[in-house]
Amino acid sequence: MTGNVMKILQLADEVRYTHMTTEELRASFLLEDLFAPNAVQLVYVDLDRTVIGSAVPLAKPLFLPCPDQFRANSFTERRELGVFNIGSKGIVQVDGDAHTLCNRDALYIGRGSHTVSFSSASPDSPAEFYLLSYPAHAVHPTALIRAADLVPLTIGDPVTANHRSIHKLIHLDGATSCQLVMGFTTLHSGSVWNTMPPHTHLRRSEVYLYFDLPPDQRVVHLMGPATQTRHLLVSNKQVAISPLWSIHAGVGTASYSFCWGMGGENQVYTDMDPIRIADLL
């Protein structure tokens, strides 16, 4: 959606979920059409009042609109915003201050900012900004997070094909926020599984943006309660939305990365309710 028009998405609950068709599951839990060129797109999800979006500027800057539904003077009047670049070099201006983001760099924009714009260093190779926003109750400073400065956490094992590195962007021990937690995960050569063994966390909802996936390949994203699992076939630059009651894990047919983002009652990355693989149905 462009301009001040924002799509409203109301998620199905755990009861309705078990009766949904493939098309209904995709319509409710998967965003398939973000990253349109020369546009800002925004989707408001009723779960935790999450806003998910994208901005792909070409020759001219794109300005972050304030949707009518916010009843606010600016997008971040009462919200915080995480910006993650999955494209080429770009610039995000916040109230006149310019921040250059290379591929996989991020920017935290705190509550109270008034004007946000997005530009690409080259329109022939544009930046592709992924946007994730939650309501904010306090003001935290705008912060640029460089991917090159991060110290990744490596977990998993090649034997179980889940050897991966976790890069934390916005978190308790890094760029501070009210409730937004954000980072990205890269898989090591030969590994295809993410977040396996799986988990849920009742205190936070989560969204996954899958990126750097070849156009003809897919990620099989698992979702649902442990005993009622379903799957979504996900393409590059698509977003899977995970409610509180759902696992969120995936296996790819080729190498890929994903950006994870959360909002809710706490920001403790390790606050998870683990599920044994043997208990999945």
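**Exercise 1.** In this predicted model, find the bridge partner of Val45 in strand E4, and describe how E3 and E4 are connected.

*Solution.* Start with the residue pair: Val45 is bridged to Thr50 of E4. Next, take the two strands as wholes. E3 covers residues 40–45, and strand E4 covers residues 50–55. Six bridges hold E3 and E4 together in the antiparallel sense. Finally, look at the connection: the two strands form a hairpin with four residues between them. In that turn, Asp48 has a positive phi of about 60 degrees.

**Exercise 2.** Identify what pairs with E3 in the parallel sense, and state which residues lie on each face of E3.

*Solution.* The parallel partner of E3 is E1, and the pairing runs over three bridges. Within it, Lys7 is opposite Val43 of E3. For the faces, recall that side chains in a regular strand alternate between the two faces of the sheet. One side of E3 carries Val40, Leu42 and Tyr44, and the other carries Gln41, Val43 and Val45. Now apply the burial cut-off of under 20% relative accessible area. Six of the six residues of E3 are buried, so both faces count as covered, because buried means under that cut-off.

**Exercise 3.** Determine the strand order of the open sheet that contains E19 and E22, and locate helix H2 relative to E19 and E20.

*Solution.* The order of the four strands is E16-E22-E19-E20, with antiparallel pairing. Strand E16 (193–194) and strand E20 (230–234) are the edges, each pairing on one side only. Inside the sheet, E19 (residues 219–224) is joined to E22 (residues 247–252) by six bridges. One of the paired positions is His221, whose partner in E22 is Gly250. Helix H2 (residues 22–29) lies across E19 and E20, at about 70 degrees to E20. The buried residues of H2 are Leu25, Arg26, Ser28 and Phe29. Among the elements covering them are strand E1, helix H1, E19 and E20.

**Exercise 4.** Place Phe29 in the largest nonpolar core, and list contacts that Phe29 makes beyond four places in sequence.

*Solution.* The core has 54 residues, and Phe29 is listed with Ile52, Phe84 and Tyr130 as having the most contacts inside it. Strand E18 (residues 204–211) gives the largest share, five residues. A second, separate core has 23 residues, including Val40, Cys66, Phe75 and Leu101. With neighbours within four places in sequence left aside, the contacts of Phe29 include Leu11, Tyr17, Met223, Leu232, Ile241 and Trp245.

Terms used: Residues are numbered from 1 along each chain as its sequence is written. This is a predicted model: local features need pLDDT of at least 70, side-chain atom pairs count only at pLDDT 80 or more; totals for chains, interfaces and linings use all residues. Side-chain values use heavy atoms; hydrogens and water are left out. Two strands pair if DSSP finds at least two bridges between them. Contact means heavy atoms within 4.5 Å. Axes are lines fitted to C-alpha atoms, for helices over the stretch in contact, and angles run from 0 to 180 degrees between N-to-C directions. Buried means under 20% relative accessible area, exposed over 50%, partly exposed in between (1.4 Å probe, protein chains only). A nonpolar core is a set of buried Ala, Val, Leu, Ile, Met, Phe, Trp, Tyr and Cys residues joined through side-chain atoms within 4.5 Å.
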